[in-house]
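Work through the exercises below with the sequence and the coordinates open beside you. Each task is followed by a solution that goes step by step.

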Amino acid sequence: MMRINSIRSGIVIDHIPAGLGPDIFNLLELNKADYTVALIMNAQSDKMGQKDMIKIENQLNVDLSILGVFGEGLTINVIDEESIVHKVTLELPEQIHDILSCNNPRCISTVERNVEPSFTLVNPQDQIYRCDYCDHLYYVKEELHAHH
Ligand SMILES: [Zn+2]
């Protein structure tokens, strides 16, 4: 059982695949936070061997479901008064409109600044997404890891 006593009220992102914690930390721009945040790497996990975790002493006004792209089973715990009041286990999103950007230089979403990137999950097993504009395929784990 994980102890969450370092957070009174906020969010704990748990079961992050080991090594991807910093990517999520950067994505959520927690390096700019003016509230307490903690990035824990290589914590022991019965299920995963090792995992990363992020503790945030704040409620974030962003849709965290997109973080499912970092790994199925990633968990969002909402903490209030030092106990978990809400817990969501994420799945791979069917659609992605941020986080990823197409790296095909001729893709309309690369050329036109006002075209929002759009990707569709085509292979959940291997976490492969396809650009909706140019059909480029993305193995999302490698993409996320390479992009910072
Ligand atoms: Zn594209």
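A salt bridge here is a side-chain nitrogen of Lys or Arg within 4 Å of a carboxyl oxygen of Asp or Glu. The model is predicted, and every value below is computed from it.

**Exercise 1. Salt bridges**

Task: establish how many salt bridges there are, and describe the network that includes Arg8.

Solution. Step one is the count, which comes to five salt bridges. Step two is the network, in which Arg8, Glu81 and Glu82 are linked by salt bridges. Within this network, the side chains of Arg8 and Glu81 meet with N and O 3.4 Å apart, and this pair links distant parts of the chain, since Arg8 belongs to the segment before strand 1 (10-17) while Glu81 sits in the loop between strand 4 (75-80) and strand 5 (83-89), 73 residues apart. Step three concerns exposure: Arg8 counts as partly exposed because its relative accessibility is 45%, whereas Glu81, at 57%, counts as exposed.

Step four turns to two further salt bridges. Glu29 and Lys32 meet at 3.5 Å, N to O; Glu29 is partly exposed at 44% relative accessibility, and Lys32 is exposed at 62%. Arg130 pairs with Asp135, with the closest N and O atoms 3.8 Å apart; here Arg130 is partly exposed, with a relative accessible area of 31%, and Asp135 is exposed at 52%.

**Exercise 2. A buried acidic residue**

Task: for Asp52, determine which side chain of opposite charge is nearest, and find which backbone nitrogen atoms its side chain reaches.

Solution. Begin by placing Asp52 in strand 3 (residues 49-56). Next, look for a charged partner: Asp52 is buried yet has no salt bridge, and the nearest side chain of opposite charge, that of Lys51, is 9.6 Å away. Finally, examine the backbone around the carboxylate-bearing side chain of Asp52, where a polar atom lies 2.9 Å from the backbone nitrogen of Gly21, and where the backbone nitrogen of Asn42 is reached at 3.0 Å.

**Exercise 3. The aromatic pair**

Task: classify the geometry of the rings of Phe119 and Tyr138, and decide whether each residue is buried or exposed.

Solution. The structure holds one aromatic pair. The ring centres of Phe119 and Tyr138 are 5.3 Å apart and the ring planes stand at 85 degrees, so the pair is edge-to-face. Phe119 lies in strand 7 (residues 119-123) and Tyr138 in strand 9 (residues 137-139), so that the pair, with its members 19 residues apart, links distant parts of the chain. Phe119 counts as buried because its relative accessibility is 1%, and Tyr138, at 2%, likewise counts as buried.

For the wider setting, an unreviewed UniProt entry carries the annotation "domain: Aspartate carbamoyltransferase regulatory subunit C-terminal" over residues 95-138. In the model, the end C-alpha atoms of residues 95-138 lie 13 Å apart, and the span is 9% helix and 30% strand.

**Exercise 4. The largest nonpolar core**

Task: identify which residues touch the most other members of the largest nonpolar core, and which element gives the most to this core.

Solution. The largest nonpolar core has 31 residues, of which Ile13, Ile24, Leu67 and Leu74 touch the most other members. At least two residues each come from strand 1, helix 1 (21-27), strand 3, strand 7, strand 8 (128-131) and helix 3 (140-146). Strand 1 gives the most, with three residues. As background, nonpolar side chains in soluble globular proteins tend to be buried together.

Technical notes: Residues numbered from 1 in each chain as written. Predicted model: local features only at pLDDT ≥ 70, side-chain atom pairs only at ≥ 80, totals over all residues. Heavy atoms only, no water. Phe/Tyr/Trp six-rings, centres within 6.5 Å; stacked < 30°, edge-to-face > 60°. Helix = DSSP H or I, 4+ residues; strand = E, 2+ residues; numbered from the N terminus. Buried < 20%, exposed > 50% of the residue type's maximum accessible area, 1.4 Å probe, protein only. UniProt positions renumbered as here; feature names shortened; annotations may be inferred. Lys, Arg positive; Asp, Glu negative; His and termini not counted. Polar contact = N/O pair within 3.5 Å; in protein donor to acceptor, adjacent residues only side chain to side chain. Core = buried A, V, L, I, M, F, W, Y, C linked by side-chain atoms within 4.5 Å.
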